[in-house]
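Work through the following exercises with the sequence and the model side by side. Try each task before reading its solution.

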Amino acid sequence: MSSTVISTGAYQLVSSWAATLVPEISVEYPSGTNLVSGVAIVEFGTLALGADVTRTFTVRNPGTGPLTGIAPSFMGGNAADFAVTSSPASSVVAGGFTSFTVRLAPSVIGRRATTLRVASNDANENPFEIWLTGEVTPPRQLFDGVAASSRLTGSNALPAAVPYGDGVKNLIKYAFNMSLGSSGYRTLSAGTGTSGCHQSCSKEAELHGSSR
Ligand SMILES: [Ca+2]
């Protein structure tokens, strides 16, 4: 409780107000994009079995009081396939923020989904709920996707095809993260987990840049 006394000659005006400090939660993914609790869907994309994908969420407190009890958890669906790999701070001062990372590491092929619930002391969004979903694609389906993105069609898109006359079959090029779309090399993205490039191949890419 605070009060202000204003003296104006013969009159004295006393006003008072409850200094209510109100916390407020907002959750962003990606950073800078506000999600709506109970409506938001965050897509983890497609990935191969054995791979994993992470998404980092930002929790902001645009309110006037401390946001406390911040705790993410998963409920329902394939909750066991999701995990918090980097935890948020348990409280955030007014105007502050924290972040946390969720990893999807599916155990089976198919669509995987759950509800992310972020508990806090927010008055009307506790928990803040976000639907998470991702899909584990069989290797052949992943290959077909890469072939299609390389604009290969018909017989040229088959794993055994040699569509650019370079003597290297599509499947081998895919396995070694080379370009399916030409006789040249493909830019490597080390550690992205999106190709068949094995770890030493990725290390090679890091050592020699992206030209190989
Ligand atoms: Ca709220």
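**Exercise 1. Confidence and overall make-up**

What is the mean pLDDT of the protein chain, and what percentage of its residues reach 70 or more?

Solution. The mean pLDDT, which is the predictor's confidence in each residue on a scale from 0 to 100, is 83, and 78% of the residues reach 70 or more. This is a predicted model, in which local features need pLDDT of at least 70 and side-chain atom pairs count only at pLDDT 80 or more, while totals for chains, interfaces and linings use all residues. Residues are numbered from 1 along each chain as its sequence is written.

Next, look for the part with low confidence: over residues 193-212 pLDDT stays under 50, and the model has 27 contacts beyond four places in sequence for this stretch, a contact being a pair of residues whose C-beta atoms, placed from the backbone, lie within 7 Å. Where pLDDT is low, the predicted coordinates should not be read in detail.

Then list the elements, which are DSSP runs numbered from the N terminus (helices H or I, at least four residues; strands E, at least two). The protein chain has three helices and 10 strands, and from the N terminus on they run β-β-β-β-β-β-β-β-β-β-α-α-α.

**Exercise 2. The two sheets**

In which order do the strands stand in the antiparallel open sheet and in the mixed one?

Solution. Begin with the antiparallel sheet, where four strands stand in the order S3-S5-S8-S7; strands count as paired if DSSP finds at least two bridges between them. Strand S3 (26-28) and strand S7 (82-86) are its edge strands, each pairing on one side only, and the twist averages 30° from one strand to the next. At one end of this order, S7 and strand S8 (residues 97-104) run antiparallel and are joined by four bridges, with valine 84 having valine 102 in S8 as its bridge partner.

Now turn to the open sheet with mixed pairing, whose four strands follow the order S4-S10-S9-S6. Here S4 and S6 stand at the edges with a single partner strand each, so one side of each is left without a neighbour in the sheet. The twist in this sheet averages 25° from one strand to the next.

Finally, check the register of individual pairs. Strand S6 (residues 71-75) pairs with strand S9 (residues 110-119) in the antiparallel sense over five bridges, and methionine 75 stands opposite threonine 115 in S9. S9 is also joined to strand S10 (residues 128-137) by nine bridges, again antiparallel; threonine 114 faces leucine 132 in S10, and valine 118 stands opposite phenylalanine 128 in S10.

**Exercise 3. A residue in a loop**

Is aspartate 122 buried or exposed?

Solution. First locate aspartate 122, which is found in the loop between S9 and S10. Then count its neighbours: aspartate 122 is buried because 22 other C-beta atoms lie within 10 Å, where a residue is called buried at 20 or more such atoms, exposed at 12 or fewer, and partly exposed in between, with C-beta atoms placed from the backbone. Leaving out residues up to four places away in sequence, aspartate 122 touches Pro23, Glu24, Ile25, Leu67 and Phe128. The C-alpha atoms of aspartate 122 and valine 22 are separated by 8.1 Å, although the two residues are 100 residues apart along the chain.

**Exercise 4. Helix H1 and the cores**

Which residues of helix H1 are buried, and where do they fall around its axis?

Solution. In helix H1 (residues 139-149), the buried residues are Leu142, Phe143, Val146 and Ala147. Seen down the axis of H1, they fall within an arc of 140°, so they line one face of the helix; the arc is that of the directions from the helix axis to the C-beta atoms. Gly145, Ala148 and Ser149, on the other side of H1, are exposed. The buried residues of H1 pack against strand S4 (41-48), S10 and helix H2 (170-175).

To finish, consider the nonpolar cores, meaning sets of buried Ala, Val, Leu, Ile, Met, Phe, Trp, Tyr and Cys residues joined through C-beta atoms within 7 Å. The largest has 19 residues, of which Val27, Phe57, Val59, Val118 and Leu132 touch the most other members. Strand S5 (53-60), S8, S9 and S10 are the elements that give two or more residues to this core. Apart from it lies another core of six residues, among them Leu142, Val146, Ala147 and Tyr174.

How values were computed:
Axes fitted to C-alpha atoms, helices over the stretch in contact; angles between N-to-C directions. Contact = placed C-beta atoms within 7 Å.
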